[in-house]
Each structure stands twice: as structure tokens, then as C-alpha cells.
Amino acid sequence: MTEPLWWKRGVIYQIYPRSFQDSNGDGVGDLAGITSRLDYLADLGVDAIWLSPHYPSPQEDFGYDIADYLDVDPEYGTLADFDELVMEAHKRDLRVMVDFVPNHSSSAHPWFIESASSADNPKRDWYVWRDPKPDGSAPNNWVSVFGGPAWQKDDKSGQYYLHSFLVSQPDLNWRNPELEREMLDVLRFWMDRGVDGFRIDVAQRCLKDPLLRDNPPAASIDPSSYKFNPEWAATDHIYDSADPDIHLLFRKFRSVLDEYPERFSIAEIHEWDWKRWASYFGDGQGLHMPFNFAPLTAGVDPGRLREIIVAMEAALPDGAWPNWVLGNHDERRIATRLGWEESKAMAVLLLTLRGTPTIYYGDEIGMVETDIPAELQQDPYGRRVPGQGRDGCRTPMQWSAATHAGFSSPDTPSTWLPVHSNHADQNVDTESKDPASRLALYRRLLQLRRANPAFHSGSVEVLQSDSRVVAFRRSHPGADSFVVAANLSDTPARHEVDGDVMGGTDHNRAPTTFNGHLSPWEAVVVKTSNLEPRTTNR
Ligand code: GLC
Ligand code: CA
């Protein structure tokens, strides 16, 4: 059997460049800062870093509004700093993934400036321009994810352009072959610089209904509407995203990636129907993976989590590889959203389930959501739709008890978002010294995962358990097998299995013989006595 690829075996760590490490005292994180922290990441035991956008940008959506796909924002450094980061990461066996934002550029991108300059400009068709309806109103009823209509009128030409997000984030027209060629070359540009993979932003929106039909009124509540505004939730988003042609486009992405060895794509796909979700693997010729966001809708509900594991495994096409997401730069911090003890138990599941996990920076030290006073709020979504702000999960990484938490030098006047006031106690330095800390838990789990094929390559089988418990077996031919059991309740529970506790939320238990007892919110990893003769899931 051949070794699985790095992105199957590995664990991805998401870095929000503005907030990881500031190297020059301007209060904003940067690439040199990230490079200076690579030892921490290698030591933590992750395999790849994914950088949220590092490109030149007016930063109206903090980099998800790109003004040049082929450079680095001066606030973050230079292409030379980028090359240095890749080189230093590779020296430490860390892969580097960047964010690819194909649905829209910034309105400050020279392409858009040209496109908007006149209706007959050669780049007009690189964006989505349409005449108004006869009454002068917008071409259809689509709304922006960030609130308000998805169309902006251009007084000069009288036409409207489409923006699925901010007015300053015009949608690119992927039906234009020149635009397509140019954007596929962007992938090559970064792979030539040594980039190992891409996280693809709002991937399924790249192609919409060619007739731009009105979305119908919502038939039911979409599980994803938990994070959207009421205006968004009022219609079914069947025409403004995921046109069936999208699968052809993803095959093109894939064939460009396949020009290089072992490159990888994982895409932001919001799709709750498992069959449709699975279709994005494109029979091994589409995306390497659509993100699995289902756990974000499950909280700590054991029944729902079991259901997700089983349904996702059943839906996976042959040869396709699963993945797990608990948090990212768009969601509330897990230590806040799920709860303090709850999120530790969930971390055990995240790092021991079958599939590639993504860790959001700071979750490994239990960073909690920061309350940002209105006058300091930065996120355009939160400023437009109250309550939707994402700043709270994007505050500076807490490295130490120092002023600005070691993120920025102490004489920096202020950081771009305030550092959480709990950083004096909760930070990498303090937690590194404490075997009971969350950081120690993550390190142990990552070590266990790396050392045992059952975790990074093996099969999974959900086990019968108490209704409050999620339990599964991980096994791999010729290797040790394990049972993971998590008590997702605030009362003690039991799970019977013979073997030794090798890890889990309570560091005092490993290594001891497992006695079946699970304290409230306790998760254990038990090595079962036998070597595994079974076959794998795939
Ligand atoms: C994705 C990103 C989010 C961004 C949006 C628009 O959802 O994760 O942060 O605001 O796309 O690009
Ligand atoms: Ca800086």
C-alpha cells in the first residue's frame, strides 16, 4: 500500500496573517512575523499552514478583496518575504497553503478599473455587468451576503455590476475565457513559488445561473443561515451560486494543480446535502476536498455528531478523503461558541476522527471571543449587519503575558484589533509549562496522531454508546487500534472498552488501564489490546 499524501495524513493550521505575529511594530501581523513563529508550529506538530489572503488589498474585507493576485500586501511584506517563509516552512517539513479568492476581486484591482471605464472596454466582460430592468431597477433579486442588494449601479454606463459581497468586491466573470486563463495562471504563479496547496474562497459561487434568474422565496430554513442575515435567509440561493457548470471549472482547477506533484485544494463549499457535497470531489477529478462544515451546525450534540460522521462517511465517493472543521476566521471561537470544557472534548474528536482537520490559530491555547467595542470594530460584515461581526475571533495571537501578548513589541502604540485582556494568564508561554493546559492536550493529540497509522490513515467505525457519548474505533491493518470516547454532557458517563488510556482531556489518566469511567466533558483515547486485522474503509 502506498503512503497517503501529506494532505491526507496531515493537519492544517490556519493563520490569519494580520493577527499572528507583528515583526515591525506597526500593530499588524506580517509574513516575517509568521516565519519567526514556524518553530512553534513545527513543535506543535501540525503539517501545513494555510494563510488567509496575503495579497495587496484595500483591506475592506481584510484581504478577501484582492487588488493584485500576484503580489504581497506591503503591510505584510514583499514577495522576497513570502519566498523566505516558504523556504523556512519547507525546511521544517511544513507545507504552505495560500487562500485563492476567485469569485471576486477588489474594485481597486486594475482589471475592474478598466472594466468599469466603459461598456466597450476589452475587460468589460471580465466582471458581471447587466442592464437594469425596464423600470431601472437591479437586474434580479439577488442579495449580497453582507447585506443589501448584490447589484451596484454604475452611473456612467447605466449598467449594474454584480457583487456577492461588498460593493467593493465585484464578482469576476468566469464565463470569460481570458479571465479564466489569467486566473488559472495565478495558481501556477504561486505553485512556481513553492506553494503546496490552496484554500479556495466561496468556491461554488464562481459560476451562477447564466440566465441570472431570480432566487425563489426560501422553502425552509437553510442550516447555514445560522450565520447569515435575515435578508439572505429569505430566499433559496439556487441561482446565485453553484451553477452545474461549476464542476467543469473545478476540473480545470484540478488539472492545473495536477501539473505539479502533490498539490492540493480544499474549498469553501456551503452545501448541506451530503450527496451534492460529495459531488464536489468530481470522481477524483474535481476539488481534492470540499470543506466539511457540518460540525459547525452540530454544537456538542452527540446524536447529531454521530449522524454527521456516519452520513459523511457513507456519502464519500470511492477514493475521496474526509476533513473536519470546527472553527475559522468567520466563526465564533470554539472555546466561546462550544464552551470551555466542551471545546476540549471536541478538539479530541477533531484530531482523532478520520480525515484532515483544520486548527484555527489560537484555538490550541483556548483563545476566547474578544468583545470589541463598536468604535474599534473592523469587520465590514459586522458594521453592516449588527451581531454578525467577525472581529472577535480575529484578535492577535496570545504568545506571552507581555504588553500586546508578544504579538507586537511592547512599545507599539496599539494593535489593529485589541489583544484579549485574558492574555496575561492565557498564552503560549504559560501553557507550554503546564501539562494540564489545552496547548499540552493539542501537542499530545498531534503526536499520537502522527505516530499512529490508525489515526492518520486508518478506518473509522462509530460504536454503540450511551446517548451522551460519541465513540468510535480507529484501525489500520497491521497497526495498533484505538477507541475514542467523548462524554458530551455535564454528568458522568460510561463507555466499556478494554485497553489503556493513551491520551485525552485529563492528562493524569495516561497511561493507565481504562476503567470505563468518563467524567463530565471528558474524552479519552484508548489503545485496544490487539493489532488490527480489519481492512480499511477505502
Ligand atoms: C469567505 C471568507 C470570508 C470573506 C468572504 C468574502 O466566506 O471566508 O472571510 O469575507 O468569503 O470573500
Ligand atoms: Ca507588521
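1. In this note a residue is called buried when its relative accessible area is under 20%. The structure under discussion is a predicted model, and the points below take up strand β1 and its neighbours, a small set of antiparallel strands, the calcium site and the surroundings of ligand 1.

2. Strand β1 covers residues 12–15, with Ile12 and Gln14 pointing one way and Tyr13 and Ile15 the other way, and all of them are buried. This can be read against a general pattern, namely that side chains in a regular strand alternate between the two faces of the sheet.

3. Which strands are joined to β1 by bridges? Strand β11, made up of residues 356–360, runs parallel to β1 and is joined to β1 by three bridges, while strand β2, made up of residues 48–51, is also parallel to β1 and is joined to it by four bridges. Tyr13 serves as a useful marker for both pairings, since this residue stands opposite Ile359 in β11 and opposite Ile49 in β2.

4. An open sheet of three strands can be traced separately, with the order β4-β6-β5 and antiparallel pairing. Its edge strands are β4 (129–130) and β5 (151–153), each of which pairs on one side only. Between β4 and strand β6, which spans residues 160–162, the antiparallel pairing rests on two bridges, and here Trp129 is found opposite Tyr161 of β6.

5. The calcium ion, ligand 2, has as its protein donors Asp22 (OD), Asn24 (OD1), Asp26 (OD), Val28 (O) and Asp30 (OD), at distances of 2.3 to 2.4 Å. Along the chain these donors follow the spacing D-x1-N-x1-D-x1-V-x1-D. Val28, which contributes its O atom, is counted as buried because its relative accessible area is 5%, below the 20% limit.

6. Around ligand 1 there are 14 residues, and the closest are Asp61, His104, Asp201, Glu268 and Asp330. Sorted by class, this shell holds four nonpolar, three polar and seven charged residues.

7. Several side chains place polar atoms beside oxygen atoms of ligand 1. In the side chain of Asp61 an N or O atom lies 2.6 Å from an oxygen atom of ligand 1, a polar side-chain atom of His104 is 2.8 Å from an oxygen atom of the ligand, and for a polar side-chain atom of Arg390 the corresponding distance is 3.0 Å. Taken alone, ligand 1 would expose 300 Å², and the protein buries 97% of that area.

Note on methods. Residues are numbered from 1 along each chain as its sequence is written. Chains are lettered from A and ligands numbered from 1 in the order in which they are written. This is a predicted model: local features need pLDDT of at least 70, side-chain atom pairs count only at pLDDT 80 or more; totals for chains, interfaces and linings use all residues. Side-chain values use heavy atoms; hydrogens and water are left out. A residue is near a molecule or strand if one of its heavy atoms lies within 4 Å of it. A polar contact is a pair of N or O atoms within 3.5 Å; within protein, one must be able to donate a hydrogen and the other to accept it, and residues adjacent in sequence count only if both atoms are side-chain atoms. Accessible areas come from the Shrake-Rupley method with a 1.4 Å probe; for residues, only the protein chains shown count as cover. Ala, Val, Leu, Ile, Met, Phe, Trp, Tyr, Cys and Pro count as nonpolar, Asp, Glu, Lys and Arg as charged, and the others, Gly among them, as polar. Donors are N, O and S atoms within 2.8 Å of the metal (3.2 Å for Na, K and Ca); water is not among the atoms, so sites may look incomplete. Buried means under 20% relative accessible area, exposed over 50%, partly exposed in between (1.4 Å probe, protein chains only). Two strands pair if DSSP finds at least two bridges between them.
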